[in-house]
Amino acid sequence: MYKVFVNDIPIIISADKEIGEKYTSFPLKTVRLKKVIKKILKGELLFVHLYHPDETKHLKLLFKKMKVITAAGGLVLNSKKEILFIYRNHRWDLPKGKTEKNEDLQTCAIREVEEETGVQDLEITRFITRTYHVFRRKGKLRLKETYWYEMYTDYDGELTPELSEGIKKVKWKNNEKSQKALQKSYANIKMLFPEKFLAGKSENWVA
């Protein structure tokens, strides 16, 4: 199963033809996806489900529906087990950005974190997951596929938000402050954290 977020509303993609009465289901192969997304943006649809019996074809079929932008980013920890957040568009977010030509995903993830936050000496410790969300670029709908990596750094120098990218703040946050920040974040960012952490019932963010 996949989730594609339109703002904070998920489009569910699965092999099941029906997943609940409240969902409007469409066949993934033939759905007019951009039309569905526009209805979601207008508030005319809230619960959307796309289905195809072969799970191995879900992404291939999805990627035929609109142009895909590949990106990578980091959930960064320091020696104090604080998490690195950026503040942009009135929400707390994690640093990420699109890949450059011939750039591999891990290189992109590290470069984007460095550029957006000023943090150095990053080490990737593991791959976390991929997230998907829809956005507009020059008036056209695009699908962003973001590869997320857990990173570690001993860097304790100055944090410098990339103002040209609309980033207003960069902050290291402890567990309590991270949990509060995630309440003012995006649904696809929350997917990187376990439910207990999001609910404030665990001090450990690791799944």
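This report walks through the salt bridges, the empty spaces, one helix and one buried strand residue of a predicted model.

## Salt bridges

Let us start with the charged side chains. Side chains of opposite charge can pair when their charged atoms come close. In this model the count of salt bridges comes to ten. Three of the pairs are set out below.

| Pair | Closest N to O | Where the two residues lie |
|---|---|---|
| Glu116 and Arg88 | 3.8 Å | helix H3 (residues 105–117) and strand S6 (residues 83–88) |
| Arg130 and Glu145 | 3.3 Å | strand S9 (residues 123–137) and strand S10 (residues 140–152) |
| Glu176 and Lys180 | 3.9 Å | both in helix H4 (residues 175–182) |

Take Glu116 and Arg88, which form a salt bridge with 3.8 Å between the closest N and O atoms. Glu116 belongs to H3 and Arg88 to S6, so this pair ties together parts that are 28 residues apart in sequence. Both Glu116 and Arg88 are buried.

The salt bridge between Arg130 and Glu145 spans 3.3 Å from N to O. This pair links distant parts of the chain, with Arg130 in S9, Glu145 in S10, and their positions 15 residues apart. Is Glu145 buried or exposed? With a relative accessibility of 5%, Glu145 counts as buried, because the cut-off for buried is under 20%. Arg130, at a relative accessible area of 29%, is partly exposed.

The pair in H4 sits within one element. Glu176 and Lys180 are four residues apart there, about one turn of the helix. An α-helix has 3.6 residues a turn, so residues three or four places apart point the same way. Glu176 is exposed, with a relative accessible area of 52%, and Lys180 is exposed too, at 51% relative accessibility.

Salt bridges also join into a network in this model, which links Glu100, Glu103, Arg111, Glu112 and Glu115.

## The two faces of helix H4

Staying with H4, we can look at how its residues are arranged around the axis. Ser178, Gln179, Ala181 and Leu182 are buried in this helix. These residues cover an arc of only 160° around the axis, which puts them on the same side of H4. What do the buried residues of H4 pack against? Their partners are S6, S7, strand S11 (167–173), H5 and H6. On the face turned away from the buried side, H4 carries the exposed residues Glu176, Lys177 and Lys180. Two of these names are familiar, as Glu176 and Lys180 form the salt bridge described above.

## Cavity and pockets

Next comes the empty space. Rolling a probe the size of a water molecule over the atoms shows where empty space is left.

The structure holds one cavity of 30 Å³ or more, and about 30 Å³ of space lies in the largest cavity. Its lining is made up of Val4, Ile11, Ile13, Leu33, Ile37, Leu50, Leu62, Met66, Val134 and Leu143. By class, this lining has ten nonpolar, no polar and no charged residues. Strand S2 (9–14) and helix H1 (33–41) each supply at least two residues of the lining.

The largest pocket has a volume of about 840 Å³. Of the 31 residues that line the largest pocket, Arg88, Lys96, His133, Phe135 and Lys144 lie nearest its centre. Several elements give two or more residues to this lining, including strand S1 (2–6), strand S7 (91–93), strand S8 (96–98) and helix H5 (187–190). Which element gives the most to the lining of the largest pocket? That is S9, with five residues. The lining divides into ten nonpolar, five polar and 16 charged residues. Arg88, met earlier as the salt-bridge partner of Glu116, is thus among the residues nearest the centre of the largest pocket.

The second largest pocket has a volume of about 170 Å³. Lys3, Phe5, Ala187, Lys190, Met191, Phe193, Glu195 and Leu198 line the second largest pocket. The elements that give two or more residues to this lining are S1, H5 and helix H6 (195–198). By class, the lining of the second largest pocket has five nonpolar, no polar and three charged residues.

## Ile12 in strand S2

Finally, a look at one residue of strand S2, namely Ile12. Ile12 counts as buried, at 5% relative accessibility. Leaving aside residues up to four places away in sequence, Ile12 touches Met1, Tyr2, Lys3, Ile19, Tyr23, Val48, His49 and Leu50. Between the C-alpha atoms of Ile12 and Asp93, which are 81 residues apart along the chain, the separation is 23 Å.

Methods. Residues are numbered from 1 along each chain as its sequence is written. This is a predicted model: local features need pLDDT of at least 70, side-chain atom pairs count only at pLDDT 80 or more; totals for chains, interfaces and linings use all residues. Side-chain values use heavy atoms; hydrogens and water are left out. A salt bridge is a side-chain nitrogen of Lys or Arg within 4 Å of a carboxyl oxygen of Asp or Glu. Buried means under 20% relative accessible area, exposed over 50%, partly exposed in between (1.4 Å probe, protein chains only). On a 1 Å grid over the protein atoms alone, a cavity is a set of points where a 1.4 Å probe fits but cannot get out, and a pocket is an open set with protein on both sides within 12 Å along at least five of seven lines; lining residues have an atom within 4 Å of a point. Grid points are joined across faces, edges and corners, and a volume is the space filled by probe spheres set on the points. Ala, Val, Leu, Ile, Met, Phe, Trp, Tyr, Cys and Pro count as nonpolar, Asp, Glu, Lys and Arg as charged, and the others, Gly among them, as polar. The arc is that of the directions from the helix axis to the C-beta atoms. Contact means heavy atoms within 4.5 Å.
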